[in-house]
Amino acid sequence: METIANEGLIRLKMPTAEKISKGMGVFYNSMGVFYNPAMSLNRDISILLLNSINKNNLQIADPLAATGVRSIRFLKELNKDKIKKIHINDHSQDAIKSIRKNLMLNKIRYKDNPKITISNEDANLFLLKSTGFDYIDIDPFGSPNFLLNNAIIRLARNGILAVTATDTSALCGTFPKACIRKYWAVPKKDAIMHETGLRILVRKIQLIAAQYDKALIPVFSYSKEHYMRVFLKNEKGKNKVDDTLKQHGKFNDAGPMWLGDLWDDQLCNRIFNNAIKNKIFKNNKNLINFLKTIKEESKIKTVGFYDLHDICERNSIKKLQKKEILMNKLKKIGYQASETHFKGEGIRSNMPYLKLANLLKKE
Ligand SMILES: C[S@@+](CC[C@H](N)C(=O)[O-])C[C@H]1O[C@@H](n2cnc3c(N)ncnc32)[C@H](O)[C@@H]1O
């Protein structure tokens, strides 16, 4: 039996999905090709980000393409002139069959199309054989480690590397030894672990890039459900690399990690504005609210956020005031405050911890 899935502007055909891991929402179809509908937001954001940067004519690489959903959506949903060529790759022959089928289903000619190449290679070989890309999307199941080195080698100047990591149990401290081995830093399992885990991932990527005199600066980052995601811009130059390394350090007894900005706030604005104007995305409340929160928190340049429940517990505060009321109070006395996408009970603010705890105690 075949199932048709709709995502964005495209349709995907595949043998009826078999859910193999309930908790993580992992789907394999019966040909063994991976498709996870829960990751549509991940793909939505990639499209919005590429449509929000002022660069066209991109050489795009999708080294771990599976059903081809990401590349096919890029072909259908990216602005005209965005793509010079898209390179779709997977080491699985079944994935390649699925990619071809889905391209045809969406009426995209791939034979003799100068805009598209399809290859059935190991992703590392695929990257190394290439002449380089302006955008590389590493979207594996688990850790992205196995592909980082060659992706960075092949990332063009001012190019963007997009990285997904689904091994959050290492990055957030459930398995600290795994984090030390794989990400060269000590994690901490606590209220802000998703932010510190993401910052540990960023530093690991930056250290690999530093070897090649490439400074990879995060322009958009987030953590959601079972995964983390970061987009980094390649700014070449020894001084930029040195500046990046200076911003590595410990925070909250965890790290070392990236202590610089997780977002380019102007880009966050453009992504949000493009989303609310776009007919595919504007009615997707989940996506719009998510982008709105990130847009607001990106303006506040702090490392870490405050978990209000955690502060109340530590200070024996019985009654917690409403988050909106509290944020307004903070703003009235001259501090910045916003929600954080990392946690519902969290606020991001530049008010010092003791001041905030005292304010909460007074209520
Ligand atoms: C998580 S899926 C990719 C999902 C896809 N990016 C999406 O948006 O739906 C990972 C894919 O990577 C492929 N893969 C894993 N290791 C690979 C390697 N070393 N070289 C090439 N493909 C690989 C698998 O066959 C699988 O299709």
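In which crossing, left-handed or right-handed, does helix 10 pass helix 11? The legends below take you through this predicted model, beginning with that pair.

**View 1. Helix 10 and helix 11 pack against each other.** Helix 10 goes past helix 11 in a left-handed crossing. The two axes come within 9 Å, and they cross at roughly 155°. Angles over 145 degrees count as roughly antiparallel, so that is the word for helix 10 and helix 11. On the helix 10 side, look for Cys268, Asn269, Ile271, Phe272, Ala275 and Ile276. They meet Leu287, Ile288, Leu291, Lys292, Ile294 and Lys295 of helix 11. Sorted by class, this contact has 9 nonpolar residues, 1 polar and 2 charged.

**View 2. Helix 1 packs with helix 10.** Now find helix 1, which runs over residues 40-52, and bring back helix 10, residues 265-277. Their axes are 9 Å apart and the angle is about 110°. That makes helix 1 roughly perpendicular to helix 10, because the range for that label is 65 to 115 degrees. Helix 1 passes helix 10 in a right-handed crossing. Leu48, Leu49, Asn51 and Ser52 are the helix 1 residues in the contact, and helix 10 brings Leu267, Arg270, Ile271, Asn274 and Ala275. By class, you get 5 nonpolar, 3 polar and 1 charged.

**View 3. Helix 1 also packs with helix 2.** Stay with helix 1 and look for helix 2, residues 69-77. Here the angle is about 40°, and the axes lie 10 Å apart. What do we call a pair like helix 1 and helix 2? Oblique is the word, since an angle of about 40° fits none of the parallel, antiparallel or perpendicular ranges. Helix 1 passes helix 2 in a right-handed crossing. Arg43, Ser46 and Ile47 of helix 1 meet Val69, Arg70, Arg73, Phe74 and Glu77 of helix 2. That contact has 3 nonpolar residues, 1 polar and 4 charged.

**View 4. Domain 1 touches domain 2.** Zoom out a bit: the domain assignment splits the chain into domain 1 (2-269) and domain 2 (270-362). Their C-alpha centres lie 27 Å apart. How many residues of domain 1 are in contact with domain 2? There are 25, and they contact 22 residues of domain 2. Helix 1, helix 8 (193-210), strand 10 (214-224) and helix 10 each give at least two residues to the side of domain 1 that touches domain 2. The largest share of that side, 6 residues, comes from helix 1. By class, the domain 1 side has 12 nonpolar, 8 polar and 5 charged residues.

**View 5. Residues surround the ligand.** Count them up and you get 19, with Leu64, Ala66, His91, Ala123 and Asp139 the closest. The shell divides into 11 nonpolar, 3 polar and 5 charged residues.

**View 6. Two backbone details are worth a look.** Gly255 and Pro256 are joined by a cis peptide bond, with omega about 5°. You'll find Pro256 in strand 13, residues 254-258. The other detail is Asp81, which has a positive phi of about 80° although it is not a glycine. Asp81 lies in the loop between helix 2 and strand 6 (83-89).

Conventions:
Residues numbered from 1 in each chain as written. Predicted model: local features only at pLDDT ≥ 70, side-chain atom pairs only at ≥ 80, totals over all residues. Near = placed C-beta within 6 Å. Nonpolar A, V, L, I, M, F, W, Y, C, P; charged D, E, K, R; others polar. Axes fitted to C-alpha atoms, helices over the stretch in contact; angles between N-to-C directions. Helix = DSSP H or I, 4+ residues; strand = E, 2+ residues; numbered from the N terminus. Left-handed = near helix turned anticlockwise from the far one by under 90°. Contact = placed C-beta atoms within 7 Å. Parallel < 35°, antiparallel > 145°, perpendicular 65-115°, else oblique. Domains from an automatic or database assignment.
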